[in-house]
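Got your viewer open? Load the model and get ready to select some residues as we go.

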Amino acid sequence: MAEVDLLRTPVAPIDVSVLGPVQLRRDGVLVPLGPQLTTLLAILLLELGKPVPSRRLAALMAGDDASDAARATLRSHVAHLRRALEPGERALEPGERAPEPGGRGQRGKGLIATVGHGTAAGYRLDLEPACVDAVRFEESVRESRRLLALGDAEQTDRAVSVLRTALDDWHGEPYADLADRPFALVEIARLRAVHRAALLAYAEAVNESGRHAEAIGDLIGAVAADPYDEGLRCMLALTLYRDGRTDEAAEVCRHGLALLGDRGIDAPELHRLQRDILRREVRQPAGRSSAPRMLPPDLPRFVGRAQELSTAEARLVGRDEPRSAMLLVLGPAGVGKTSASLRLAHRLAPRFTDGQLYANLRGFDANAAALAPTEVLRVFLEALGVAPEQIPANLNAQMARYQAQLRDRRILIVLDNAHDADQVRPLIPASTTCVTVVTSRNRMSSLIAVDGAHPLTLGLLDEEEAGQLVADRIGADRAGKEPEAVAEIARLCAGLPLALSIAAARAAANPQFTLQALADDLAGAGVLDRLADSDSSVDVRAVFSWSYRALTPAAARMFRRLGLHPGPEFTAAAAAGVAGVSRRAANALLAELTGAHLTGERVPGRYVMHDLLRAYAGELSEAEPDRHAARRRMLDHYLHSAVAGDRVLMPHRQPVAVAAPEEGVTPEDVAEVDPLAWFTVEHQTLIAMVGCAAQAGLDRHAWQLAWATATYLGRGSYWHDVLTTQSLALSAATRLDDLPAQAQCRRELSHALAGLGRPEQARFQLHRALTDLADAADPNGQAYVHLSLGWLCELQGDRRAAAHHDQAALDLFTRGGDRGGQARALNAVGWDLAQVGDYRQAIGYCRQALSLHAELGDDAGAVNTWDTLGYAYQHLGEYAIAVECYEQALGLNVGHRFKEAEALAHLGDCHHALGDVTAAAASWGRAYTIMTELRTDGAEAVRAKLELCGTRTRLPAAAHVEGERRALSTAPSTRAPEK
């Protein structure tokens, strides 16, 4: 028997689809067929296993032409179809004629058999029926009827699964490409009837299981395809009603009655159903299971959230009993709250043997009002077996009946898309054996504080999870070929699951595009346009709008104006400035925005908006009439805050004239807190603000913001950021025709260029600055430029030129009356003297500088001078005094990491000279760590000293990056740039 089966098995597994266009697949690969071969295959399928005379075949294919020529053409088509079905069949040679049916030497004893002789000759398709999708579909329908006839809930669920699979395999009109051929019309009509019956059986089965929503999509499609089918329309209306969508159900009836009436067709069943729906008197199925199973299907593809789901599951259920009554799943629009909650619910469902209830409360639905608790309770009570006429009309009575139905039963309740606590509270079970999962975009703090809900806030996906989601949608092979493009798509979608899904769907629908091309398209202007869809439920902009429309007018206005903010985060004071409200009002409005998950509070007092929300807010802000004034207030806030912080870091820096802030602007209290910490937190925001000001044409804000951040950025050796901001600032100052401002920008720009190893470009900028300041008759400004030139010359090893510029700076400061600058120049000259071995004279200059620093209270300026003094005493062999000097420099240093590293390295040398190896190793270790982080020269020399102390195993490897090495001499340079 096995041998016979083996002989009858086709050379390659065959699958034929007729539920849609006629298609042939072999080994899962589509075999292309021309129109004639498709027609031939369809005719043979319609007579599967039966002989079809060749005369009739030729007539059907050629349109009643049964001539010898038509039959000869038929033989050729048969030979080619055999080849398509079975690759082992030999193809016809050019000019070779196919053999006559029944003639000598005929072939074709495989899937297409040649039968009969003479005029009775023909062909028969010997294909296993299970290879045809229509046959499988009908078998599934028969099996589902058998299961439904058994009557119990478990078999009903199995029947639903069988029917769902069958319906998913229905790809459209049967024999779609032959729908106009008379020989196919009867079979097409028959299969349509089978499909209709299957759909109705499926809808009835899911309705009996309480899972109404699962059938609605199929029924809507079926009614749209055949709007005059009264039975389908009745089933759709009934299913909508049982899903709690009463108004939609009534509208389906009304529209159907109007359509049928226009054709003069009476529809008594639809009339009766409309009446019962409007009266709320629709009866539930008599065989309704007492264990409702209303959960929508679990998503077949789900990525990430493993930790969150495990945490939620542990909170909700123990080994035997529920632990917590309620989980509140929170997060912004599009973050995947519903998907995660359904995945959790399906994981929990086996533990809740008395059933699962589900309702979409539509708290943020743009096209329908939120469901009232009475509507949901009615649906839930019917699902729990309460007859419609026994359901009270009063809310309190409904709640009492609901609680009675849940008592001592293990039921899981999922309340999706809730708007507020009042919508949820009537649906919360009192029974300790039930568990409720609520999802919402709003924070609903009272459910946490009063009702004991456990909050679970879903954030954006991290880079790895976002990449996995994209790869899951488009295929791992395609994603693996362009990992950088996948990462770029994930970044542009801000890790938002909805956006990622839309982008991935677009990629999957366009396999001819490279992923990089799609990423580039997303990166272009209008990212929200690229994430749009005709279906508003999967349109990122539309989904955001549902949360936005629920805001109060004041909060909506603040949200729009926050779209002007270019930085990664902001404070309440910054938000108050851009919105033009008080800080107190800003706190209240931010609480509303955070509660709606349109902003997030990263740490107390600091708020964030992800990139897509910021883009949406930015679009809305374009219509703001006072947009320019709001932006000016925002820039005023950061400018005056940064200026105040800079004055603390470097109080005797040459000031600039900053205009008073706009009314309503309250700068941060930077001077009252740690200014270095403030600059560190606002680092990226301040850089973005310089770009924002330049782009908006607010040139004075642009160059002054760059000036105010220069001290902090220089002390941290953030030379790329200095280069970016000062380049923008120089362009702005040039547009203003402000020569002193241009000179200031060029000087700061030179420090960045020198720090990045481009000394000649730095020198060019400084000489241009001298020219600008000479024209402006500014001796103090020229003196600062000379100090920078002295530093630059020293870096390049030209000590003579360095001494010349430093002396020129001292003369100019003395003439201009700038005592702070004079102190700095005295230190610079002292350093030059120390470099040529004149240590005693160097000490004299430094002592004069320290006196001026003390008189002015300029601790920042004194740092360099103490370091120079330490260097001089160290080289005189007076190590104990040198140690005191270096420790003074370290004690006064605020945030200048390179100077800190230099002082620590010198301090280690002095400790070592004094014989204190332990103290030396500690200082060198700290110096090496800073130098390695800053990627400065000199780190390896310090490392070598440390290794002599036996500390090599505790050292990190030096990290030198090509193109970013600081062009700093291994000899220390402790007095410029003065940051």
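How many disulfides does the count come to? Zero. This is a predicted model, by the way, so keep that in mind at each stop. A disulfide is a covalent bond between the sulfur atoms of two cysteines. To see how one candidate misses out, select cysteine 885 and cysteine 846. The sulfur in cysteine 846 is the closest cysteine sulfur to that of cysteine 885, but the gap is 9.0 Å, which is too far for a bond. A disulfide would need the two sulfurs within 2.5 Å. Cysteine 885 is also buried, with 2% relative accessibility. Click on cysteine 434 as well: it counts as buried, again at 2% relative accessibility.

**Stop 1: a small set of strands**

Go to the start of the chain and select residues 14–17, which make up strand E1. Then add strand E2, residues 23–26, and strand E3, residues 29–31. Together these three strands form an open sheet, in the order E1-E2-E3, with antiparallel pairing. E1 and E3 stand at the edges with a single partner strand each, so one side of each has no neighbour in the sheet. From one strand to the next, the twist averages 35°. Zoom in on E1 and E2, and you'll be looking at a pairing of four bridges. One pair to pick out is isoleucine 14 with its bridge partner in E2, arginine 26.

**Stop 2: an enclosed strand**

Now select residues 412–418, strand E9. Is this strand buried or exposed? Seven of its seven residues are buried, so E9 is largely enclosed by the rest of the structure. Next, show strand E8, residues 356–360: E8 and E9 run parallel and are joined by five bridges. Look for asparagine 360 opposite aspartate 416 in E9. Then bring up strand E10, residues 435–440, which also pairs with E9 in the parallel sense over five bridges. Here, leucine 412 sits opposite valine 435 in E10.

**Stop 3: a phenylalanine in a loop**

Select phenylalanine 302. You'll find it in the loop between helix H11 (268–278) and helix H12 (306–316). What is phenylalanine 302 in contact with, leaving aside its neighbours within four places in sequence? The list is Leu309, Ser339, Ala340 and Arg343. Try a distance label on that last one: the C-alpha atoms of phenylalanine 302 and arginine 343 are 8.1 Å apart, although the two residues are 41 residues apart along the chain.

**Stop 4: charged pairs**

Side chains of opposite charge can pair when their charged atoms come close. The structure holds 40 salt bridges, so let's visit a few. Start with arginine 196 and aspartate 229, whose side chains meet at 2.5 Å, N to O. Arginine 196 is in helix H7 (residues 182–208), while aspartate 229 is in the loop between helix H8 (213–225) and helix H9 (230–242), so the pair ties together parts 33 residues apart in sequence. Arginine 196 is partly exposed at 31% relative accessible area, whereas aspartate 229 is buried at 11%.

Next, pick aspartate 126 and arginine 124, which meet in a salt bridge at 2.6 Å, N to O. Aspartate 126 is partly exposed at 27% relative accessibility, and so is arginine 124 at 23%.

**Last stop: a buried arginine**

Finish at arginine 747, in helix H33 (residues 739–755). Arginine 747 is buried, with a relative accessible area of 5%. Follow its side chain: it reaches the backbone oxygen of tyrosine 784 at 3.0 Å.

Terms used. Residues are numbered from 1 along each chain as its sequence is written. This is a predicted model: local features need pLDDT of at least 70, side-chain atom pairs count only at pLDDT 80 or more; totals for chains, interfaces and linings use all residues. Side-chain values use heavy atoms; hydrogens and water are left out. Buried means under 20% relative accessible area, exposed over 50%, partly exposed in between (1.4 Å probe, protein chains only). Helices (H or I, at least four residues) and strands (E, at least two) are DSSP runs, numbered from the N terminus. Two strands pair if DSSP finds at least two bridges between them. Contact means heavy atoms within 4.5 Å. Axes are lines fitted to C-alpha atoms, for helices over the stretch in contact, and angles run from 0 to 180 degrees between N-to-C directions. A polar contact is a pair of N or O atoms within 3.5 Å; within protein, one must be able to donate a hydrogen and the other to accept it, and residues adjacent in sequence count only if both atoms are side-chain atoms. A salt bridge is a side-chain nitrogen of Lys or Arg within 4 Å of a carboxyl oxygen of Asp or Glu.
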